[in-house]
Amino acid sequence: MSKRPNLLFLFSDQHAFQVTGCYGDRIVETPNLDRLAREGVTFDAAYCPSPICVPSRMSMLTARHPSAQDCWTNDDFLVSDRATWPHALGAAGYRPILIGRLHAMGPDQLHGYAEREIGDHSPNWGGIARHDMGVLNETNDPHRTSVIRSGSGESVYEVKDRDVTRAAVACLDRLGKARQGGDDQPFALTVGFMLPHPPYVATKEDYARFAGKVPPARLPRGPAGQEHPWLSWWRNNRGIDEVSADDAMRARIAYYALTYRLDAMIGEVLAALQRNGLAENTLIVYSTDHGDQIGERGLWWKHTFYEESVRVPLIMSWPGQIPQGERRRQVVNLVDLAATMVDALDAPALPHAQGRSFLNVARDTNAPWHDETFSEYCTDEVPVWTGGMAVRQRMLRSGDWKLIYYHGYRPQLFNLAADPDELRDLGDDPAHAAIREQLLARLLADWSPDAIDARMKQRRRDKDLIGAWARGTKPASTFIWQTRPDQNRLDT
């Protein structure tokens, strides 16, 4: 057995933490993630750096928040000289492998990985047509269509994840065969899944498994006239002010089914790890890039700082190194996860990391830790799904408190110990003015919405020119899994 540990990092897309057995859901079936939780440590207060895909993923790679690397939106490039945790592992003698989803824009489609299989399904470049999803066009983005055109069928994302699973299993089989042949080099394998990202469409068999079992959304939308104005605007602009009970239930059933299917694919990968005798000295990590509202509060997709959107599942298992069946209440972030994986594999620390390793916390619930983290959501008005509104928003979670800053609007304030469902907004409560102002000063101390707006406008000029170049020259995209419109269907 190699003395140096292996890493198996399982990273999904848009998995709402609460739709997992080990996080308390009694309807969804996630036996493999639940078993991983029983064999390791589950984090109950893990957050994403941003509640949209690209900035969250790029921050997870670098251990830096979006504003520290000019990567806020889904069309921003992460520059290639930002050191990532795969770079750190490579410097330590590992050969990091990625199979599946990365979702990086621009020419660098490795960002420290030495090998990559399957790849992404959409072009590397902005300004050119995205992948054609046939009858499911627009259902993968925040459009009302995604809730209406939901239910039984199949999306290309699930088809792709099947290939990702097969490739991951084959990779572990190769690593196992090499280990049996005397090769004791440790491995670092990332498996990037698309599920349970919308379309809210699942196979007929999986959909039927949960039909009639999934309850309606538990949390109500804010009272008329009292809901935060940005959230009201977002709901109205995205056309989800009125969603029929049938549409909402169909989409929720499909989401549960997609989560079940993701867990089954993870089970195949974990079985290959075990079958090849590679599990004993392997750190296994599961997480996702952000959550999904799935109809809670009358909201869908991500884009908010409510727990359903910004909080993520995070499970770690490492035989003999961290306890089994324990939970952690400490507030952590995916930027901290990057620092933790570097620490666990004894790789060089990322030189400009803002994340902190919580490896000692995973090992000992009483280890010192500062319960504070940030998440941010900033975008200009160019992407169609923004509704033409630029936003600069940031969340601070500090102990039991959560403050949400909306540039141009009033803030929100919640005490998650007293109000875990975030139903009592204390942002305007005079009795909580002192804590609100204290947290607001902390949130804005190193983060300027006006400076971010100016920087995003500067970057937009570059992105627009590169987009025009891409339309004119049609550059090749690399590490692409080819999609076809007919790989999508809707039965209902």
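These legends go with several close-up views of a predicted protein model.

**View 1. The whole chain gives us a starting point: 13 helices and 16 strands.**
Before zooming in, it helps to take in the overall form. Along its principal axes, the C-alpha trace of the protein chain spans about 70 × 55 × 50 Å. How does the radius of gyration of the protein chain fit with that of a compact globule? For 492 residues, a compact globule would have a value near 23 Å, and the protein chain has 21 Å, so the two agree. Of the 492 residues, 61% count as buried. Take the contacts with a separation of 6 or more in the protein chain: 74% of them are accounted for by residues 24 or more positions apart.

**View 2. The largest pocket has a volume of about 1100 Å³.**
This pocket is lined by 42 residues, and the closest to its centre are Asn74, Arg130, Asp141, Pro383 and Trp385. Which element gives the most to the lining? That is helix H13, running over residues 449-473, with seven residues. Sorted by class, the lining of the largest pocket has 17 nonpolar, 15 polar and ten charged residues.

**View 3. The second largest pocket holds about 750 Å³ of space.**
Its lining is made up of 31 residues, with Phe17, Asp44, Glu307, Arg311 and Pro420 nearest the centre. Strand E2 (41-47), H8 and helix H9 (307-310) are the elements that give two or more residues to this lining. Of these, E2 supplies the largest share, three residues. How many residues of each class line the second largest pocket? There are 14 nonpolar, four polar and 13 charged residues.

**View 4. The largest cavity encloses about 70 Å³ of space.**
Now we turn from pockets to cavities. Rolling a probe the size of a water molecule over the atoms reveals where empty space is left. The structure holds two cavities of 30 Å³ or more. Around the largest cavity you can find Phe11, Arg57, Met58, Met60, Leu61, Leu98, Arg101, Leu102, Tyr113 and Thr190. Helix H2, residues 53-62, contributes the largest share of this lining, with four residues. By class, seven of the lining residues are nonpolar, one is polar and two are charged.

**View 5. The second largest cavity has about 40 Å³ of space.**
Look for the residues that line it: His103, Ala104, Met105, Gln109, Asp120, Ser122, Pro123 and Asn124. The lining of this second largest cavity has three nonpolar, four polar and one charged residues.

**View 6. Thr259 sits in helix H8 (residues 245-275).**
Is Thr259 buried or exposed? Thr259 counts as buried because its relative accessibility is 1%, and the cut-off for buried is under 20%. Leaving out residues up to four places away in sequence, Thr259 touches His15, Val19, Val28, Thr30 and Pro196. Glu29 is worth finding here too: 230 residues separate Thr259 and Glu29 along the chain, while their C-alpha atoms are separated by 8.1 Å.

**View 7. Arg329 lies in the loop between strand E10 (326-328) and strand E11 (332-333).**
Why does Arg329 count as exposed? Arg329 has a relative accessible area of 71%, and exposed means over 50%. Try locating Tyr47 as well. Arg329 and Tyr47 are 282 residues apart in sequence, and 12 Å lies between their C-alpha atoms in space.

**View 8. Cys71 is a cysteine without a disulfide, as the structure holds zero disulfides.**
A disulfide is a covalent bond between the sulfur atoms of two cysteines. Why is there no such bond at Cys71? The closest cysteine sulfur to that of Cys71 belongs to Cys378 and is 12 Å away, which is too far for a bond. A disulfide would need the two sulfur atoms within 2.5 Å. Cys71 is buried, with a relative accessible area of 0%. Another cysteine to look for is Cys171, which is also buried, with a relative accessible area of 3%.

Conventions
Residues numbered from 1 in each chain as written. Predicted model: local features only at pLDDT ≥ 70, side-chain atom pairs only at ≥ 80, totals over all residues. Heavy atoms only, no water. Buried < 20%, exposed > 50% of the residue type's maximum accessible area, 1.4 Å probe, protein only. Contact = heavy atoms within 4.5 Å. 1 Å grid on protein atoms, 1.4 Å probe; cavity = no way out; pocket = protein on both sides within 12 Å on 5 of 7 lines; lining within 4 Å. Points joined across faces, edges and corners; volume = space filled by probe spheres on them. Nonpolar A, V, L, I, M, F, W, Y, C, P; charged D, E, K, R; others polar. Rg over C-alpha atoms; globule rule 2.2 N^0.38 Å.
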